[in-house]
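Work through these exercises with the sequence and model open. Try each task before reading its solution.

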Amino acid sequence: MSDAVISHSPVDGHDSHRIFAATTDPWDHPRTTVGVSLICDWAARRGCNTATLLSGTGISAEALADAEHLIEAQQEIAVIRNLLTTFDNRPGLGVEVGRDYHLTAYGYYGYLLMTCSVVSDMVRLGLRYSPLTFAFSTIHGELRPGDRWALTLRTDNVPDDIACFVVERDISASLQMQRELFAHTSEDPLQVVHFEHEAPPPDGLARYRTVFGVPVLFDQDRTELIFDEDYLNWQLPMANEHTEAVMVGHCERIRAERVRSGGVAGRVRAHLMTLPTLDHTLDECAAALQYSSRTLRRCLTREGTSYREIHDDTRRSVAHDLLRDTSLPRTQIAERLGYRDWSSFTRAMRRWDDPHRPN
């Protein structure tokens, strides 16, 4: 895929908005166990046993000690679900965990960011090489009116039950890295933080204020960090064009390897997304991907997931996207999702919202 460039097209109908950098790769790619290790370390300091978070994920405790060991995105999702269950999915959990994602956790990617010349280059390269991170968000940098720019995050095709956590973690981790890059200065170019999700109870607001240190607004149109536009021209203190070129070479190689890999769970998800209707069984999916049903089931178990889980997550993600388009007939939405009629789909939605609800 090509590098992101400045777009002179309107964004959401606003002619003065210009995208200058964007992620180009999907989040469903292999990643190292470092991100999971950070989650486990954060939880352990609060009394949670690592075995609890790794239960049912297919990740061993030994794998956490190997910084080069790769896991599938679905396995990290399984860890996140265990974390949310253990900590009652409390508001602000993602932004707290994100603070532990330091530059040193990213290997070559962290070194690349340090060697960039100015912030605008750091954002472009940082988003191009997002497969070297642990992010699930789709991110772009966008110029805004009033001498501002925004780093905007979306959770495209991310399962609904983890979307709030991952976007909070990703936005917090991004800010953490930027602040570490400019640890030598007390000046803070961040103006405000926006979240699409609803505001937490008053006792939870302190977690957001502590992390961001600026006004945090909820129920907004987008989730984003908004900075002074001048920040794009800030020079990084350790910039080095020769080392940057070397790091780009390393990052390009790793990106290509990870985007090509995908894993079995990624192949299943990608296949389901291409179908005209999601009313397909494991046996049908296995045949399409040239596996036996038994082999596909075993591969997915090894990656910490199952066909049922991927199928349900894909349905929820597609439903979320389709329901945004108010021009689509209800029957068409139900058919695309693999339901006989609209009432069957609405019953399924109620079960998604309340998994303990009887069928």
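**Exercise 1. Find where N89 lies, and state how exposed it is.**

Step 1. N89 sits in the loop between α4 and α5 (93–98). Helices (H or I, at least four residues) and strands (E, at least two) are DSSP runs, numbered from the N terminus.

Step 2. This is a predicted model: local features need pLDDT of at least 70, side-chain atom pairs count only at pLDDT 80 or more, and totals for chains, interfaces and linings use all residues. Residues are numbered from 1 along each chain as its sequence is written, and side-chain values use heavy atoms, with hydrogens and water left out.

Step 3. Check the backbone. N89 has a positive phi of about 45°, although it is not a glycine. Most residues other than glycine have a negative phi.

Step 4. Check accessibility. N89 counts as partly exposed because its relative accessibility is 45%. The cut-offs: buried is under 20% relative accessible area, exposed is over 50%, and partly exposed is in between (1.4 Å probe, protein chains only).

Step 5. Repeat for N157. This residue is in the loop between β5 and α8. Its phi is near 60°, a positive value in a residue other than glycine. N157 has a relative accessible area of 27%, so it is partly exposed.

**Exercise 2. Describe how α1 and α4 pack.**

Step 1. Take the geometry. Helix α1 (residues 34–44) packs on helix α4 (residues 73–86) at an angle of about 15°, and their axes are 10 Å apart. Axes are lines fitted to C-alpha atoms, for helices over the stretch in contact; angles run from 0 to 180 degrees between N-to-C directions.

Step 2. Classify the angle. α1 and α4 are therefore roughly parallel to each other. Angles under 35 degrees count as roughly parallel, over 145 as roughly antiparallel, 65 to 115 as roughly perpendicular and the rest as oblique.

Step 3. List the contact residues. α1 supplies V36, I39, W42 and A43; α4 supplies E76, V79, I80 and L83. Contact means heavy atoms within 4.5 Å.

Step 4. Sort them by class. The contact of α1 with α4 has 7 nonpolar, no polar and 1 charged residues. Ala, Val, Leu, Ile, Met, Phe, Trp, Tyr, Cys and Pro count as nonpolar, Asp, Glu, Lys and Arg as charged, and the others, Gly among them, as polar.

**Exercise 3. How do α4 and α8 meet?**

Step 1. α4 and α8 pack at about 95°, with their axes 10 Å apart. They are therefore roughly perpendicular to each other.

Step 2. From α4 come E76, I77, I80, R81, L83 and L84. They meet D161, I162, F165, V166 and R169 of α8.

Step 3. By class, the contact of α4 with α8 has 7 nonpolar, no polar and 4 charged residues.

Step 4. Place α8 on the sheet. Helix α8 (residues 160–181) lies across β5 (148–154), β6 and β8 (223–228). α8 runs at about 20° to β8.

**Exercise 4. Trace the sheet from edge to edge.**

Step 1. Write the order. The open sheet has 6 strands, β1-β4-β5-β8-β6-β7, with mixed pairing. Two strands pair if DSSP finds at least two bridges between them.

Step 2. Mark the edges. β1 (18–22) and β7 (216–217) each have a single partner strand, so one side of each is left without a neighbour in the sheet.

Step 3. Pair β4 with β5. Strand β4 (residues 138–144) and β5 are antiparallel over 7 bridges. T138 stands opposite R154 in β5. The two strands form a hairpin with 3 residues between them, and G146 in the turn has a positive phi of about 75°.

Step 4. Pair β5 with β8. They are antiparallel over 6 bridges. A150 has I226 in β8 as its bridge partner.

Step 5. Pair β6 with β7. Strand β6 (residues 190–194) and β7 run parallel, joined by 2 bridges. H194 stands opposite L217 in β7.

Step 6. Check burial. In β5, 5 of the 7 residues are buried, so this strand is largely enclosed by the rest of the structure.

**Exercise 5. Which residues of α7 are buried?**

Step 1. They are V119, S120, M122, V123, L125, G126, L127 and R128.

Step 2. Helix α7 (residues 119–128) has 8 of its 10 residues buried, so it is largely enclosed by the rest of the structure.

Step 3. Set this against the protein chain. Buried residues make up 52% of its 359 residues.
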